[in-house]
Amino acid sequence: MDFNIPADIKAYLGVLDKFIEDEIKPIENADDNIRFFDHRREYSRTDFENKGLPRKEWEELLTRVKRLADKAGHFRYALPKEFGGQDGTNLGMAIIREHFASKGLGLHNDLQNEHSIVGNQPIVLILRDFGTEAQKQAFIPKLLDGTMRITFGLTDRHHGSDATHMETHAVPETRDGVPGWRIDGEKMWITGMHVATHCMMFARSHGKDGDASGITAFLVPANDPGITIDEYMWTFNMPTDHPRMTIRNVWVPETAILGPMGGGLALAQHFVHENRIRQAASSLGAAVYCINESVKYARQRQPFGEALAVNQAIQFPLVELATQAEGLRQLIRKTAWEMDQMPKPEVAKVLSDKVSMCNYWANRLCCEAADRAMQVHGGLGYSRHKPFEHIYRHHRRYRITEGSEEIQMRKVAGYLFGYMGPKKAEYSAIEAEARRPTNK
C-alpha cells in the first residue's frame, strides 16, 4: 500500500500553483477585483435590484479566468484527450479540488458557483455517451469553447429527491408535419437558466408515477416562449441563479431527445459519482482551511496574557475536526482511486455507498469546521471580514443538493444491510432463512 500522492499529480499541483501565482493572482488583485472576495463579496457579486442574479462584471471575470485556464491547458484536465483534456483521473481531481479549497477563497477556485481553473464538465460526457452524431457535432464544440451552455432540468417543483414521481410530462405531438413532443410542467432549482442556451429537460413520456423508466431527456432551447421564469429563489447563499419556472406548450422535434426514450434517469445518474467525490474533496479542503486558520489564530491571539491555544477548550474541538479530516482524506482518495480501476457501471454497483459516505460526511465536516472557526475567531469570525460565514453558507447547501445528506445515508444503509449492492443476495438469503418455519 502506498499512500503517497502519485508523482505526476504532485508535479501537476506545482504547475497549477505557479499558474495561480503568475496568472490568476494578478487579476484577482487588479481593478479592485478583490471586492469579490473580501468583506464586500456578497454585495459585489449580487445584483440585488435584478432578481438577486450574479452581477455581470462578476460573471465576466469568472469567464475571463476560465478562458485563460483553458488556453493554458488546465480547464479541461478531467476530460478525455479527444476533447482537449488530459484524461484526468478521479484521484487526480480529488487531490486537486482539496488542494484548491484548502487555499481559501480566491479567483482560482470559487465553489459558490462551481468555478475552478480545473473544470468539471459532465454534460460534455453525457453528450459523448448518449447523444446522436448530429447532437455531438452541434453541441460539444460549443460547450467546450463556452459559446453554448446547457443547464440541468431535472428537479420538479413538487418532487425533489424523488424524480420518479415527476409531474412534468411530455406527450407526442406533430406540428407542421414534423413529429415531436409537447412538454408541460413546473421545474425548480434549475441552476444557470439566466445564461443557458439550452436546458436538458427531463419529463415523463410514458409509464406511471414511481417507475424509474419512462422519463426522457430533451434538449430544449432556453429562450423557448413556453418557458417562463417565475422567480429566482433567494437563498442562504447569494447571489442566486436558481429559478422556479413554468413550462407550458413547449414543443420540440424528435431530434431533441437525448439518449434512449424513457431512459432519462440513466443520464441523470451518469456522472453522479464523479460529481460527488469531487465535491466531497472540495468540502474537505474548505474544512482543512478553517481548521488551519483557527490554529494559527489561536497561537497569535493572547487574551489574559497568554496564547488562546493553551486552552483545552480551544484545542480539543480542533483536534477532533483535524482527526476527522485526516480519516476522511484517506477514504476520499481510496474511493477515488478505486473508481479509476473499474468501468463506470461497476462504480454504481460496488462503490456507490463509499462515494455517499465521502460526500455526506465531508459536507457535514465542512459546516462544523466553519462554525468552529467562527467560534475560535470570536466577533471577527462572525464578521464578513473573515471568510468562515461565507464557507458555511455555501457548504451548508451541499448537505441538501447533489443528493441530500439523508439520501446519501439511505444509500449507505442500503448497501450495509444488503437491500442493494453486492450483499443483496447474501442478506436476502439470510432473511429468507430466518422466515422459514421450523418444526418443533
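User: What distance separates the side chains of R435 and E431 in their polar contact?
Analyst: The model is predicted, so local features require pLDDT of at least 70 and side-chain atom pairs count only at pLDDT 80 or more, whereas totals for chains, interfaces and linings use all residues. Residues are numbered from 1 along each chain as its sequence is written, and side-chain values use heavy atoms, with hydrogens and water left out. A polar contact is a pair of N or O atoms within 3.5 Å; within protein, one must be able to donate a hydrogen and the other to accept it, and residues adjacent in sequence count only if both atoms are side-chain atoms. For the side chains of R435 and E431, the separation in this contact is 2.8 Å.

User: Is R435 buried or exposed?
Analyst: R435 belongs to helix α14, which covers residues 424–435; helices (H or I, at least four residues) and strands (E, at least two) are DSSP runs, numbered from the N terminus. Buried means under 20% relative accessible area, exposed over 50%, and partly exposed in between (1.4 Å probe, protein chains only). Because its relative accessibility is 65%, R435 is classed as exposed.

User: How many helices and how many strands does the chain have?
Analyst: The composition varies along the chain: residues 63–146 are 51% helix and 5% strand, while residues 262–413 are 80% helix and 0% strand. For the chain, the counts are 14 helices and twelve strands.

User: What radius of gyration does the chain have, set against that of a compact globule?
Analyst: Along the principal axes, the C-alpha atoms fill a box of roughly 80 × 80 × 40 Å. The radius of gyration is taken over C-alpha atoms, and the globule rule is 2.2 Å times the number of residues to the power 0.38. For 440 residues a compact globule would be near 22 Å, which agrees with the chain's 23 Å.

User: What share of the exposed area of the chain is supplied by carbon and sulfur atoms?
Analyst: Of the 440 residues, 50% are buried. Accessible areas come from the Shrake-Rupley method with a 1.4 Å probe, and for residues only the protein chains shown count as cover. The chain exposes about 21,400 Å², of which carbon and sulfur supply 53%.

User: Which element gives the most residues to the largest nonpolar core?
Analyst: A nonpolar core is a set of buried Ala, Val, Leu, Ile, Met, Phe, Trp, Tyr and Cys residues joined through side-chain atoms within 4.5 Å. The largest one holds 63 residues, and those with the most contacts inside it are I96, L107, I117, V118 and I332. Elements that give two or more residues to this core include α1 (7–28), α4 (90–101) and α9 (312–340). With twelve residues, the element that gives the most is α8.

User: Which residues does H273 contact beyond its neighbours within four places in sequence?
Analyst: H273 is located in helix α8 and has a relative accessible area of 7%, so H273 counts as buried. Contact means heavy atoms within 4.5 Å. With those sequence neighbours set aside, the partners of H273 are M339, V347, A348, S352 and V355.

User: What relative accessible area does T164 have?
Analyst: T164 sits in the loop between β5 (150–153) and β6 (169–175). Not counting residues up to four places away in sequence, T164 touches several residues, among them R204, D209 and L265. T164 is buried, because its relative accessible area is 17%.

User: How far apart are the end C-alpha atoms of residues 152–232?
Analyst: UniProt, in an unreviewed entry, assigns these residues the feature "domain: Acyl-CoA oxidase/dehydrogenase middle"; such annotations may be inferred rather than shown by experiment. The span is 0% helix and 49% strand, and its end C-alpha atoms are separated by 16 Å.

User: Which peptide bond is cis, with omega near 10 degrees?
Analyst: The bond involves P239, which lies in the loop between β10 (227–232) and β11 (243–253). With omega near 10 degrees, the cis bond runs from M238 to P239.

User: Is F304 buried or exposed?
Analyst: F304 occupies the loop between α8 and α9. Its phi is near 55 degrees, a positive value in a residue other than glycine. At a relative accessible area of 86%, F304 is exposed.
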